[in-house]
Amino acid sequence: MKIRYHFNTLPLLVLLGAAAATDAQVQPQIAQRYFQEATKLCERDAGRLWGVSLCGPMVIGDPSTGTRAASQPEPEGQPPRFPGGVDGPVTWGGLRWFYFPLSMLASTDADVRQQNMLHGLFHRIQPELGFWQGNDDGFNEHLDTLEGRVWMRLEWRALRRAVESSGSGRAEAIADALAFRRERRRRFPGAADNERREEIREGLASYTGVAAWASSPADAHRAAASALAGGEAQPSFVGNFEAASGPAYGVLLDDLAPGWRRQLRSTSDLGDLLASATKRPPTTDVAVAAVRYDAATLRTAEESRDRAQQVRVAELRRRFIDGPVLTMPAAGSGTSDTTDSVGIPGAGTVFFRNFTLSARWGRLNANGGVLRAADGSTLSVPVTGPLEGTTLKGDGWSATLNSGWVVRPAARPGSFTIVREN
C-alpha cells in the first residue's frame, strides 16, 4: 500500500489518551523499540546518502484509541492535528516531526517496518534537500489505462532483471527498461513530467528506505527486486508506481554512477540519469524486447482487467460526474491513501480511503470516494440531498466550512459548490 504525503506538519514518548485499552493502542515499550531501530540505522548512515542526517523526532499514533508515543519529550502546549490513519510530517514545538500510524508499522515484518520508517524520515528532511515540490501531484491517470499498465509492467520486469543481474545481462535489461519507459511516454503526452515529479518526491523516499536499511549492495538489490514485484501486484498503479520504480533506479545508479545523488535536482529524471550512466541507448525494437518479458501473457491479463475496469469506471462516472455532486477547491494540505484508486479518463482520479484536506475554505474527510479533477483544481463528492449550513455530510464524507465560505447550488440540478461568501 502506498500513501501520499501532503502534510506541512509530524509527532511522540508517552502514552496519552483516554480511550479504553485495546490491542491496537500504542505500547510505549514497543514504540521505543521501533524508534531505536530507526535511529540506529539513520546513525549508521551518518549523512552518507544525502549529506545530512536522517535522524529526527518521530511519533507513532493510533487514531482508534487516541494513544501515541514520541521519540523524545513532547513540546509543551497544544499538540498539532495528527494525520490519523496515514503517515506524514507535522510541525510541533518548532520542529519537524514524522508521524507513523501504528497500523502501518505493526502490520509488517521488521525489515519492511524499518524501511518504512527511513522512508518517512527522508520526507522529514526532503524540503531542505530541495526535492519537495509541495502538494502538486503528478497526475498519472494514464497508469490506470491498458497501455499505461502494460508498458509500466514491462519496464518493471526489465528493471527487476537488471537489479538481479550483472555485466551484459544487466546492460541489456536496463536498455529494455528505458525503451519501455520511452514507449509509454510516447503514447501519453505529458506523462514524462508527471511521472518524473512523483519519482523525485516519492520514489527517492522509497529508495532511501531501502538504501539506508541495507547492510550490503546485495541486500539493497533484493529489496529493490521485491519492491518491483510488489508494484506489479498492486490493483492500481496511480499514486503507487514510484514506490516500485524509485528503489530500482536508485540502486542501479549506485552501481553505475555512485556520485549521482550529488548531481540530482528536483527537475531530474531518474531514467535519464541511468541512461547517461550506462552509455548504451535504449533497445530499438520494443516488440522484440517485450517478448523477453512474457509480454503476450501480460497483455492478455491486462486486457481482462481492463474489461472489468471499464464497468467500474462507468459506474464511477455516473456517480461522480453525471450525478449530483458537491465540488470544492482542491488547494490545501492533507492526505490521500491511493490504495484501489481509480482513474476516470479525462475527468480525474477517485480515492476511496483516508482522504483529508485542510484548506482555506474548511476541512474535508472522505472514506467513501472523492474525485480529484484531472487538472488538480477541484474535488467532488456525491450528494443525495440538499446541503446547507457549515457542517455538510454525505455518504462516506463530511465537510466543515470556515467563516466566509458557503455552499451554493451549482448549475447542474442537485449539485452544489463551496464558494467564498459575497
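Let us start with one striking spot: Arg149 lies over the face of Phe237, at 4.0 Å from the ring centre. A charge is said to sit over a ring if NZ of Lys or CZ of Arg is within 6 Å of the ring centre and within 35 degrees of the ring normal.

Before going further, a word on what you are looking at. This is a predicted model, in which local features need pLDDT of at least 70 and side-chain atom pairs count only at pLDDT 80 or more, while totals for chains, interfaces and linings use all residues. Residues are numbered from 1 along each chain as its sequence is written, and side-chain values use heavy atoms, with hydrogens and water left out.

How far can you trust the picture? The term pLDDT stands for the predictor's confidence in each residue, from 0 to 100. The protein averages a pLDDT of 90, and 93% of the residues score at least 70. Residues 1-22 are another matter, as their pLDDT stays under 50. For this stretch the model has 119 contacts beyond four places in sequence, a contact being heavy atoms within 4.5 Å. Where pLDDT is low, the predicted coordinates should not be read in detail.

Now to the sheets. Helices (H or I, at least four residues) and strands (E, at least two) are DSSP runs, numbered from the N terminus. Two strands pair if DSSP finds at least two bridges between them. Strands of a sheet pair through backbone hydrogen bonds, either parallel or antiparallel.

One open sheet has seven strands in the order β7-β8-β11-β12-β5-β16-β15, with mixed pairing. Its edge strands, β7 (342-344) and β15 (405-409), each pair on one side only. On average, neighbouring strands of this sheet are turned by 30° against each other, direction ignored. Helix α12 (residues 295-322) packs on the sheet and touches β5 (325-329), β7, β8, β11 and β12 (378-382). The direction of α12 makes about 70° with that of β7; such axes are lines fitted to C-alpha atoms, for helices over the stretch in contact, and angles run from 0 to 180 degrees between N-to-C directions. Within the sheet, β8 (residues 348-351) and β11 (residues 370-373) pair in the antiparallel sense over four bridges. If you look for Gly348, you will find that its bridge partner in β11 is Ala373.

A second open sheet has five strands in the order β6-β9-β10-β14-β13, with antiparallel pairing. Here the edge strands are β6 (333-337) and β13 (391-394), each pairing on one side only. Neighbouring strands of this sheet are turned by 10° against each other on average, direction ignored. Strand β6 is mostly covered, with five of its five residues buried; buried means under 20% relative accessible area, exposed over 50%, and partly exposed in between (1.4 Å probe, protein chains only). Ser333, Thr335 and Asp337 point one way from β6, while Gly334 and Ser336 point the other way. Strand β6 pairs with β9 in the antiparallel sense over four bridges, and the bridge partner of Asp337 in β9 is Arg353. Strand β9 (residues 353-358) is also joined by four bridges to β10 (residues 362-366), running antiparallel, with Leu357 opposite Leu364.

Stay in β9 for a moment, where Asn354 has its place. Most residues other than glycine have a negative phi, and most peptide bonds are trans. Asn354, however, has a positive phi near 50°, and it counts as partly exposed because its relative accessibility is 28%. Asp294, in the loop between α11 (286-291) and α12, has a positive phi too, near 55°. With 41% relative accessibility, Asp294 counts as partly exposed.

Next come the aromatic rings. The structure holds 13 aromatic pairs. Rings of Phe, Tyr and Trp (its six-membered ring) pair if their centres lie within 6.5 Å, and planes under 30 degrees apart count as stacked, over 60 as edge-to-face and the rest as tilted. Phe351 and Phe355 form a tilted pair, 5.9 Å centre to centre with 40° between the planes, and both are buried. Elsewhere, ring pairs link Trp50, Phe122, Phe131, Tyr207 and Trp260 into a cluster.

Our last stop is Leu105, in helix α2 (residues 102-106). Is Leu105 buried or exposed? Leu105 counts as buried, because its relative accessibility is 0%. Not counting residues up to four places away in sequence, Leu105 touches Tyr34, Ile60, Phe100, Arg113 and Met117. Leu105 and Ile60 are 45 residues apart along the chain, and their C-alpha atoms are separated by 8.7 Å.
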